Amino acid sequence: MLTKFKSRIKDRPSMAGSTGKGFPKFLAEPRESFPHGVLVTNPQQSSLAQLTAKCMEYVEENLTHHPAILFRNLPAQTAGDFSIIAREIPGKALTYEGGASFRQRIDENIGTYTANNDPDEISIDPHNEMSYSSVFFFCVKEPADGCGGETPLVKNSDLLSSLDPDIVRRFEEKQLRYVCYLPDKSNAEYMNWQHIFDTDNREVVETIAKEQGRNFTWDPSGDLYIWHNRPAFIHHPVTRKKTWFNQATTHHGSYYRLLPGGDKIQENKYPSHTFYGDGSDIEPAVIQHLLATGWSCAVGFKWRKGDLLVLDNLAVQHGRLGFEGDRKLLVYMTN
């Protein structure tokens, strides 16, 4: 069901770490049922809602053993169809308040979003989506052949076992510090705090930040700085496996240097940046090792319109290869 292919990623433009040490030449093909493909059939001519309910039963029974499941051939094509799918997904829909990517809410009532609105040519390294339990991606527009846009997937446990043990110990001892700079919308359109928190009210922002365990401060111009420390690892609540679970590279300021005009951003005004938990810089060689190892563990697949990808977000990372032309994915997130 899944197309075999090899996309070159070594020295790929607008991809963090691709020119550095240890970076793989190609994105690997799907392997060992990862992702696990399910071809949907509909002999009873069931409705999309009914089929989705059946798919969710399959997810409930199999996600522990197959933490990335790709459903293909659902009778779904549009953002409206994805809203129908989302209504049948168990669990509480979660918003993207306080997230570090620029996203557009598609269905206000259901809680679907665009997957990522960063420039198309930028590749996004594999990462976990904040602390959501499950993430659902839906393909509204597939990229054309040879134009990029594949979604790399990485098992967190595979990544942890592949990392340099000395680097792992360093993060165990120091943890990670995440720092976000979110300008007021009067100062910048990209990643302003009003968009990220979906409000113009500072008190609402402060309440959300406190609930998320974050520290915050406002500068005189109305810009917002937020920071907090987190462990670099979790134990999966079901499998109890220790896994690498963080955004050390994706939130690192070096990512923003890939964006148009990114070389002009002051170091203290990256939309997000990561440090060791004691506030010291993460060495460039360590960031390169994390990037190269993550991409070496990654597999990719080619999207088809109507595909539904279900991820155990606590066990699997996802990313994006930069692309040319049209490509549109939507996302829905649950606890």
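Let me open with Phe216, written F216, which touches E206, A209, K210, L224, Y225, I226 and W227, leaving aside residues up to four places away in sequence. The structure before you is a predicted model, and every value I quote has been computed from it. F216 is found in strand β11, residues 215-218. Its contact I226 stands 10 residues away along the chain, and the C-alpha atoms of F216 and I226 are separated by 4.3 Å. Is F216 buried, exposed or partly exposed? With a relative accessible area of 25%, F216 is partly exposed, because buried means under 20% and exposed means over 50%.

I turn now to two loop residues that fall on the buried side of that cut-off.

The first is S123, found in the loop between β6, residues 112-114, and β7, residues 124-127. The relative accessible area of S123 is 3%, so this serine is buried. What does S123 touch, not counting residues up to four places away in sequence? The list consists of R12, S14, M15, Y255, R320, L321 and G322. With G322 there is also a polar contact: the side chain of S123 reaches the backbone nitrogen of G322 at 2.8 Å.

The second is N192, in the loop between β10, residues 176-182, and α5, residues 193-197. This asparagine has a relative accessible area of 4% and is therefore buried. Apart from residues up to four places away in sequence, N192 touches L182, P183, D184 and K185. A polar atom of the N192 side chain lies 3.2 Å from the backbone nitrogen of Q194.

Next, the packing of helices, beginning with α1 and α2.

Helix α1 covers residues 48-62 and helix α2 covers residues 79-87; their axes come within 8 Å and cross at roughly 50°. That angle makes α1 oblique to α2. The crossing of these two helices is right-handed. Which residues make the contact? From α1 they are L48, A49 and T52, and from α2 they are D81, I84 and I85. By character, the residues of this contact divide into four nonpolar, one polar and one charged.

Helix α2 deserves a further word. Its buried residues are D81, F82, S83, I85 and A86. What do the buried residues of α2 pack against? Their partners are α1, together with strands β5 (105-107), β6, β8 (134-141), β16 (308-312) and β18 (328-334). Strand β6 has already appeared in this talk, since the loop holding S123 runs between β6 and β7. At the start of α2, a side-chain oxygen of T78 reaches to within 3.3 Å of the backbone nitrogen of G80.

The other helix pair is α4 and α7.

Helix α4, residues 165-174, and helix α7, residues 284-297, pack at an angle of about 110°, and their axes are 11 Å apart. The two helices are therefore roughly perpendicular to each other. The crossing of α4 and α7 is left-handed. On the α4 side, I167, R170 and F171 take part, and they meet V286, H289 and L290 of α7. The residues of this contact divide into four nonpolar, one polar and one charged.

I finish with some points of backbone geometry.

Q175 lies in the loop between α4 and β10. Although Q175 is not a glycine, its phi is positive, at about 60°. How accessible is Q175? Its relative accessible area is 29%, so Q175 is partly exposed.

S33 also has a positive phi, of about 55°, although it is not a glycine. The place of S33 is in the loop between β2 and β3. At 36% relative accessibility, S33 counts as partly exposed.

P35 is placed in the loop between β2, residues 26-27, and β3, residues 36-39. What is the form of the peptide bond from F34 to P35? That bond is cis, with omega near 0°.

To close, I would ask you to locate three things in the model. One is the polar contact from the side chain of S123 to the backbone nitrogen of G322. Another is the right-handed crossing of α1 and α2, together with the left-handed crossing of α4 and α7. The last is the loop between β2 and β3, with S33 and P35. Thank you.

Key. Residues are numbered from 1 along each chain as its sequence is written. This is a predicted model: local features need pLDDT of at least 70, side-chain atom pairs count only at pLDDT 80 or more; totals for chains, interfaces and linings use all residues. Side-chain values use heavy atoms; hydrogens and water are left out. Axes are lines fitted to C-alpha atoms, for helices over the stretch in contact, and angles run from 0 to 180 degrees between N-to-C directions. Helices (H or I, at least four residues) and strands (E, at least two) are DSSP runs, numbered from the N terminus. Angles under 35 degrees count as roughly parallel, over 145 as roughly antiparallel, 65 to 115 as roughly perpendicular and the rest as oblique. A crossing is left-handed if the near helix is turned anticlockwise from the far one by less than a right angle, and right-handed if clockwise. Contact means heavy atoms within 4.5 Å. Ala, Val, Leu, Ile, Met, Phe, Trp, Tyr, Cys and Pro count as nonpolar, Asp, Glu, Lys and Arg as charged, and the others, Gly among them, as polar. Buried means under 20% relative accessible area, exposed over 50%, partly exposed in between (1.4 Å probe, protein chains only). A polar contact is a pair of N or O atoms within 3.5 Å; within protein, one must be able to donate a hydrogen and the other to accept it, and residues adjacent in sequence count only if both atoms are side-chain atoms.
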